[in-house]
Amino acid sequence: MRPVANPISQEENLQSVFLDPDLSDLDSGARLRGAILEYSGRGISGWIVDARSLTASVSLSLFVGSHAIEETKTDRAAPAAIGSRKTIGRPGFRIDLATVGARRRLARALRHTLVERSQPQIYLRVSLDDGEFFEIPLFDNIAPDELVVALGFSSDDCSDLLIPNNNKTAPAAPDPAGKQVRHVCFYLPQFHSFAENDRWWGPGFSEWTNIARMRPQFPTHQSPWLPADLGFYDVRLKETRRQQAELARRYGIHGFCYYVYWFQGRRLLERPLELLLEDGEPDLPFCICWANENWSRRWDGSDAEVLLGQNHSLDDDVRFIDDMAKLLLDERYITVDGRKIILIYRPSLLPDRQRLFEIWRERAKELGIGEILICNAMTFGEFDPRDLNCDAAVEFPPHTVSTMEQPLPELGAPPSFTGKVYDYVDAVRSSLGKTYDFPYFPAVMPRWDNTPRKGSRAHIFNRSSPEAFEVWLRDAAGRARRSQFADPIVFINSWNEWAEGAHLEPDSRYGRAFLEAVRRVSSSEPISSQVRSNPDLLDCLSRQELEVAVREAATHVQLLATLHRSEMIYSGLQHIRSGIPVEAQGASENPPESLLVIENINSQFSERVVVDPRSTVLVRGWVWAGGTFEATKHRIAFLLLLSVDAEKHDHNGYCLVVDWHERLDVKDYMQVKSRDCYFGFQLAFFLRDVPDGEYQIAVLEVGEGNPALIRSNHSIIVRR
C-alpha cells in the first residue's frame with residue numbers, strides 16, 4: 001500500500017525512515033514532522049507534529065488491512081520552546097499493543113490478512129484537523145512468519161493466531177498487587193409515589209407502574225420480567241432497604257451510587273436519601289450522581305415535554321455542594337484515594353464549570369468534607385474529563401458501547417415496532433480491553449431494554465445473559481486494577497433500573513444469576529463453566545480461559561467455527577433476488593456529489609473479487625447519495641448486482657440493505673455540514689441462483705422524490 005499522501009523520506013536513520021524530524025524550517029517541506037521511535041509487538045511510539053498547526057493534537061490509528069487495531073492522539077497542546085525557534089505542542093504518542101483488547105484485535109486482523117495475501121498491509125494513519133490524512137506503512141519488508149514473531153506471536157506457524165490474546169512475547173501488564181476492586185451500582189430512588197409524579201402521571205405512580213404493563217415486542221424478546229425476591233417494594237420502607245443491603249453484601253456489591261435530582265435547590269425523589277441518613281438503611285457505602293438534566297415526559301432529559309427544567313446558573317449551582325454536605329460528611333460516603341467522589345451526569349450543561357468546581361472545592365474544605373473527586377458520566381459523546389473541567393470519567397453503558405443494529409425483519413418484529421435492537425454479546429466484545437488516555441472508571445450493564453418506558457419505540461440489547469455479563473465484568477475489573485487509582489471502582493448500571501431492563505436485583509426470568517456473576521468476580525473465583533461452554537463467548541475469553549474451555553468441554557468445533565467467523569458481525573443472511581427493484585424506474589443515476597465506497601468484499605480489497613456462489617458473500621462500505629437526495633425516516637436501500645455484459649441484463653440481482661449505521665469517521669474526514677450523513681452498511685448474502693459472470697455493485701436509495709442509483713468501481717465475479 002502506498003500512502004495517500006507520502007511524507008516519507010527514505011534514509012538510514014530510524015527517526016527519518018518514517019517522518020522528517022527537522023524542526024528548523026517549518027514553513028516549507030513536509031507537513032508532518034516527527035519520528036517513530038519504536039514499532040514492535042509491545043507498541044508503537046514516537047512523536048508527530050503538524051507543521052501548519054503546531055499546537056493541535058494529531059490523531060493516529062494503527063491498521064492491519066482494513067482492521068483498526070488501536071487509536072490514540074498526540075499529547076494535548078502545550079507551549080514548548082525549541083531553542084529560540086517557534087513553540088509546538090507536546091507531540092508524543094504511544095499505541096500500546098500489550099493490552100488484552102489490542103492483542104485480541106491484532107490476532108484477528110493478522111489471521112484474516114495472512115489468509116488473503118502473503119504480506120499484510122500494516123500502516124499508521126495520521127489524521128489532521130483539516131481532514132487530510134497520511135498513511136505510513138510499517139513492517140513493509142518483513143516476511144509473514146517474521147512479522148508474526150515481530151508482533152509477539154508464536155513462531156511455530158500462523159495457525160497460532162486462531163487463539164486470540166496470545167501474549168507469549170508481549171504479555172499484558174499483571175494486575176498490581178493489593179488493588180481490591182469495589183463494585184458500585186447506580187441506584188434509582190423512584191420506587192415510591194410522591195406529589196409531582198402523582199400530578200404528572202396519575203395517583204400512585206412509581207417505576208413499577210411501567211413494569212407491570214410491559215409486553216414482548218417480537219418473538220425472541222425476553223419480556224416481561226417481574227421482581228422476584230424483593231417483590232414490588234417501596235423504598236420508603238426500612239425493611240426493604242435493609243433487605244437490599246443484605247442482598248448486595250452477600251453478592252459482593254460494595255455500595256450504591258444514588259441519583260440526585262436537584263433543580264436550583266428544589267429536590268425530587270429525595271426521601272430515600274433522607275431516610276438513609278435518618279435510620280441508617282441501607283447500611284452500605286454510597287456516593288451520589290447529580291442527574292442534572294431536564295425532567296421530561298420522554299425520560300431522556302430532552303427538551304420535549306419538559307416537566308421540570310434545569311435552569312443552570314453559577315449562582316444557583318454553587319449551592320449544590322452545601323445542600324449535599326450532610327451526605328458527603330457521612331462516614332459511609334465512598335472515597336477514591338482519599339477524595340469524596342461526586343458524579344455529574346452531564347457537566348457540559350453547567351455554565352462556567354471551571355469557576356463552579358473551584359468554588360465547590362473551596363467550600364468542601366470549609367465544610368470539613370475535604371478533597372473531592374469530580375467525575376463526568378461518559379454520555380452523549382462527552383467522554384474526556386479534561387474537556388469538562390472534571391478530574392475523571394465514569395463509563396456509562398450503553399453510551400460507551402459500539403455495536404450494530406439488528407435487522408428487525410429477521411427478528412420477526414411487526415411493523416408497529418419502530419425501536420432499535422442491538423446485540424449485547426457484540427457490545428461486550430466492543431468493550432473488552434478498552435482504554436482511554438485520561439483517568440476513568442470502567443462500567444458495565446447486565447442488560448438494557450427500556451420497553452417499559454418506550455413501548456414499541458424501545459431500544460433493546462438482545463442476547464444478554466449472566467454468562468456474557470460475567471465476561472464483561474471480569475474484563476472491567478482487570479481494567480480497573482490497571483488504572484492509576486489505588487482504590488479502583490467498577491460501576492454497574494445498575495442495581496434497580498427496572499424500567500430500562502438494567503437491574504441486578506433478582507427477577508422472574510434469571511433469579512439471582514446476575515448477582516452470582518458479581519459474586520464470582522468479586523471473590524476472584526474461576527470463570528463459570530457456563531461461560532466456558534458457551535460457543536458465542538469463546539472468542540471473548542483469554543488464552544488461558546480458552547485452554548480450560550477446550551479441555552473441560554467438547555467445544556473445540558464450536559471454537560474454530562466461532563473464531564473463523566468475521567468477528568460475529570453478520571447481521572443476517574439473504575438470497576439474491578433476480579432482476580432489479582421496481583423502485584429503480586426513473587432513478588437518478590450517480591446524482592451530483594454522490595459517492596459509493598466499497599471498503600471490502602469478503603475482507604478482500606481488490607476492485608474485482610472472485611466469489612464461489614456456494615459460499616456467503618459479505619460486502620462492507622458506505623454511501624452518500626448527494627445533497628439533493630432526501631431519505632425517508634426509515635432508510636430504504638437495495639444493493640444491486642448489475643451484469644457488466646450488456647446482453648445479460650436479465651441476470652441482474654438485488655437484496656435489501658438492512659444494516660445501516662452512520663459513519664461519523666467518514667463525516668469528520670469529509671468535513672461536511674452537520675446535517676449531512678454518510679451511512680455505512682454491511683450485507684451478507686448467497687449467490688446460489690446467480691449465473692456465472694461479472695456484476696458491478698451499486699446501491700439504490702429510495703427516499704423522498706426520485707430514487708438515487710449510485711454505482712461503484714467494484715464488481716463481483718461469480719465463478720463455479
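Okay, let's start with one residue: Arg104 is buried, with a relative accessible area of just 5%. This is a predicted model, by the way, so keep that in mind throughout. Arg104 sits in helix 2, which covers residues 100-116. Now look across the fold from there: the C-alpha of Arg104 is 8.8 Å from the C-alpha of Gly433, and those two are 329 residues apart along the chain.

Let me zoom out for a second. The protein has 720 residues, and 56% of them count as buried. On the secondary structure side, we've got 20 helices and 36 strands. And if you take the contacts with a sequence separation of 6 or more, 70% of them are between residues 24 or more positions apart.

Right, on to the part I spent my time on, helix 15. That's residues 466-481. How many of its 16 residues are buried? The count is 15 of the 16, so helix 15 is largely enclosed by the rest of the structure. I also checked its length. With 16 residues at 1.5 Å each, the expected span is 22 Å, and the end C-alpha atoms are indeed 22 Å apart, so the two agree.

Helix 15 has two helix partners I want to show you. A quick reminder of the language: a pair of packed helices is described by the angle between the axes and the distance between them.

Partner one is helix 16, residues 513-522. The two axes come within 9 Å and cross at roughly 30°. The cut-off for roughly parallel is under 35 degrees, and so helix 15 and helix 16 are roughly parallel to each other. The crossing is right-handed. Who's touching whom? On the helix 15 side you have Pro466, Phe469, Glu470, Leu473, Arg474 and Ala477. Facing them from helix 16 are Ala513, Phe514, Ala517, Val518, Arg520 and Val521. Sorted by class, that contact between helix 15 and helix 16 comes to nine nonpolar residues and three charged ones, with no polar residues.

If you're wondering about the spacing in lists like that, remember that an α-helix has 3.6 residues a turn, so residues three or four places apart point the same way.

Partner two is helix 13, residues 424-431. Here the axes come within 10 Å, and the crossing angle is roughly 15°. That's also under 35 degrees, so helix 13 and helix 15 are roughly parallel to each other. The handedness here is left-handed. Helix 13 contributes Tyr424, Val425, Val428 and Ser431, while helix 15 brings Ala468, Phe469, Val471, Trp472, Asp475 and Arg479. By class, the contact of helix 13 with helix 15 has seven nonpolar residues, one polar and two charged. And keep an eye on Phe469 when you rotate the view: that residue is on the list for helix 16 and on the list for helix 13.

Now a strand residue. Ile341 lies in strand 15, residues 339-344. Is Ile341 buried or exposed? Its relative accessibility is 0%, so Ile341 counts as buried. Apart from neighbours within four places in sequence, Ile341 contacts Cys287, Ile288, Tyr333, Ile334, Val336, Leu373, Cys375, Phe441 and Phe491. Pick Ile288 out of that set: Ile341 and Ile288 are 53 residues apart in sequence, and their C-alpha atoms are 7.9 Å apart.

Last bit: backbone oddities, for those of you who'd like to check geometry before setting anything up. There's a cis peptide bond between Ser223 and Pro224, with omega about -5°. Pro224 is in the loop between helix 5 and helix 6. Another cis peptide bond joins Asn493 and Ser494, and omega there is about 10°. Ser494 sits in the loop between strand 22 and strand 23.

Then two positive phi values. Phe380 isn't a glycine, yet its phi is about 50°. You'll find Phe380 in the loop between strand 16 and strand 17, and with a relative accessible area of 42%, Phe380 is partly exposed. The other one is Ser524, where phi is near 60°. Ser524 is in the loop between helix 16 and helix 17. At 57% relative accessibility, Ser524 counts as exposed.

That's my tour; over to you.

Key:
Residues are numbered from 1 along each chain as its sequence is written. This is a predicted model: local features need pLDDT of at least 70, side-chain atom pairs count only at pLDDT 80 or more; totals for chains, interfaces and linings use all residues. Side-chain values use heavy atoms; hydrogens and water are left out. Axes are lines fitted to C-alpha atoms, for helices over the stretch in contact, and angles run from 0 to 180 degrees between N-to-C directions. Helices (H or I, at least four residues) and strands (E, at least two) are DSSP runs, numbered from the N terminus. Angles under 35 degrees count as roughly parallel, over 145 as roughly antiparallel, 65 to 115 as roughly perpendicular and the rest as oblique. A crossing is left-handed if the near helix is turned anticlockwise from the far one by less than a right angle, and right-handed if clockwise. Contact means heavy atoms within 4.5 Å. Ala, Val, Leu, Ile, Met, Phe, Trp, Tyr, Cys and Pro count as nonpolar, Asp, Glu, Lys and Arg as charged, and the others, Gly among them, as polar. The expected span of a helix is 1.5 Å times one less than its number of residues. Buried means under 20% relative accessible area, exposed over 50%, partly exposed in between (1.4 Å probe, protein chains only).
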